[in-house]
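This briefing looks at how aromatic rings are arranged in a protein model, and at where charged side chains meet such rings. Please keep the structure open while reading.

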Amino acid sequence: MVGERAISQRIKAANGRFAGLLRAREEDEQLLLIGRVRIKEQAKEEAANRPTSGRSAWKIAADFSAPLPRPGRPRAADGMTSSFHFHCCSVTRPSRVTTAGAVAANHAAYVERFEAVEAGSALDHAGYVERGDAVEVADRPLVVSNISDDPGRRRAYWEAVDRCERLGHEGLSIDASAIGRWLKRVAADDLPPDFLAHCRAERKRRVANRKRPKSFKPKRYRADEPACAAILDVLRRAPGWPDEDPPVIFTPGSAGRTQYRYVAELPHELGAADRAAIVRNFCDHLGSFARDAEGRSTGMMYTAVIHAPGPDNDKRNFHLHVIAHDRPAQWMPGPGKWDFEIAEEFKRKSETRVRYPHRQEKIVEVSRSLAPDKRPEHYNAAIAGKAFVPHLRERFAGICNDRLALRGIQRRIDARSHEALGIEKTPEIHLGTRASALERAGVPTAVGRYNAAASWQYAALAERRRTESYFAPWQQQDGVLAKSVAGLSEGVALMVERRAVLLALAETRDLAWENDRLRHQARSRAQATLDHCVMSLAQVSGSVAHRRAIEKRKQEAEEHLAKVEAAIAAGEADIQAAAIAIGKLHLRHVAIDARLTEIARERKARLKLMAGLDFAPPVGMVSEQQALQAIGALAGARSLASVGVTRGWPWAALAVVAWAVQVVVDRVTIRSIAREPGAAGRIETL
């Protein structure tokens, strides 16, 4: 029998060459032990110490020994169901008007930027926004919105939302029990009189509530941010001021939410028309999932676009951006404003106040769960508060799955977590645009390394699971085979050899998968950086120094890839020899099972049993293709497959081995048939 240890050593030698080009596996395992929270903190520290220039990535040293994350989504046990990306966040109105403009309006412009939006025909666009005159329009970005078809009107809407939502009441939160002694250490003239009066009032309230300290609720001193900063500067000059636990802190205040942002992954297997249909159906639900006080259908105001993959992205990276607001709105043609903009003044107790007579109520389910006694008539508790985003995930997954089924595509997406799907994978962290730019330039980031460690750890685990399932049928027959030849010296010896062969095949299959995985890891970052450099040099018309930096990085990536190819070439002979040996092991396994079957039948015939065990060899190879799949662990690793088929063995040798396997199987079949009635005619047909 072929030496199993020699086979393993050959593959391990080839794997060791790739491992030398990568970071130590212990570093990846340590990253996963650190955890998501600490990794995010490290990412913030990296960002704070990183140059802000968009071209700074080329000035930071590359490290090609850190692999990129493994592409693709993990699948559940059925091999068809996977999770998907669905992200949600909200934005509140800033406490002060910034020079950059309105936050919601600026993000709307970013989402709708022309170069990112998937374009479609006028007919497609008409289907999404239901415009009768869209047929006359030429190709344009696919934008779905219940706000307006006019980009200018949509931007004006978001500017109005930024302007009209509740403003946060920023100010200073004061510890009334400690502020007194600190006021004595600073000059009273340096602090505003109203601040001193507020502190004295808080101290009096605190004293009055000393018998019931839990009932005391401090009141914030309200002032704008510059005034608060000036007061804090004065207080920090007090001797012994506790910076770690100060008695006065700045609080920005809670402002109204101006925008909800949803990003969802679209199935790349579908075409543009199907992706657009998914967006239309999802947005129809987003704009009609709730009921107003009269029971009429209502929903969020939204703008949705499909972003197509850019030149730097994965070509499967089709995704949906939705920006939405939870207050239903209506355009008022008379005053030329949105209903929530129209204000009127009124007198109440000699005080002038402002009200908005046409403003509609916000949809409560989007942000809050209400107690049963406070719920309005048409309130939907099943999707309210924390359940709202999971509800949208489930709805989006259902819409996508309906479209995948319609096109006959087996893949399905599931809104549940990896744990619920039985996927033993550590969830990854969103990388972000700035970190993505560094990763493409060959610079590892904390989040990128964490994601890579999680994805490749899962790949190794999935490969092990595949090996176990691959050999499970053969291993399950071990007891039946052993029982059928019990007490026969030849049968017992063959069972010992069979177990050793299967163990060797399982071990070498794992090593073959590892070889495949290490090849991809060693290539991943350098190949992605090389592709990005080629694209950047073709598009960027920057300075000479900038182009030189890109060309230098391109050369570094090419040098690393050359090392990988050298490692492949150095280990090719070992992989080729291992593939041949594995093929012989498979052939020997088939022969052992065939002989065990023959021994069992001979014993059955001798004992003249009327009934007994009847089984066939687990590997019933009846074609050359099936024989090829068995040889060289071809049911798994591409590395052995590519070497065994295209680089190592001539097709003639493969045909000889396939013929030998077929002969073994045919002999067993003929011998078994020979013992049955009418055997002569049946053997002649074979």
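The points below cover aromatic pairs, an aromatic cluster, and charges placed over rings.

The model is predicted, and a search of the whole structure finds 16 aromatic pairs. Two of these pairs are described here together with their place in the chain and their burial.

**The pair Phe86 and Phe396**

- Phe86 and Phe396 form a tilted aromatic pair, with a centre-to-centre distance of 6.0 Å and an angle of 55° between the planes.
- Because Phe86 belongs to strand S2 (residues 86-92) and Phe396 to helix H11 (residues 388-406), the pair ties together parts that are 310 residues apart in sequence.
- Phe86 is buried, with a relative accessible area of 10%, and Phe396 is likewise buried, with a value of 0%.

**The pair Phe195 and Tyr221**

- The rings of Phe195 and Tyr221 meet edge-to-face, at 5.2 Å centre to centre and with 75° between the planes.
- This pair links distant parts of the chain, since Phe195 lies in helix H8 (residues 193-208) and Tyr221 in strand S7 (residues 221-222), 26 residues apart.
- Both Phe195 and Tyr221 are buried.

**The aromatic cluster**

- Phe86 and Phe396 also belong to one aromatic cluster, which they form with Phe84, Tyr262 and Phe282.

**Charges over rings**

- Arg153 lies over the face of Trp331, at a distance of 4.2 Å from the ring centre.
- The charged end of Arg466 is placed over the ring of Trp513, 4.6 Å from the centre of that ring.

Technical notes:
Residues are numbered from 1 along each chain as its sequence is written. This is a predicted model: local features need pLDDT of at least 70, side-chain atom pairs count only at pLDDT 80 or more; totals for chains, interfaces and linings use all residues. Side-chain values use heavy atoms; hydrogens and water are left out. Rings of Phe, Tyr and Trp (its six-membered ring) pair if their centres lie within 6.5 Å; planes under 30 degrees apart count as stacked, over 60 as edge-to-face and the rest as tilted. Helices (H or I, at least four residues) and strands (E, at least two) are DSSP runs, numbered from the N terminus. Buried means under 20% relative accessible area, exposed over 50%, partly exposed in between (1.4 Å probe, protein chains only). A charge sits over a ring if NZ of Lys or CZ of Arg is within 6 Å of the ring centre and within 35 degrees of the ring normal.
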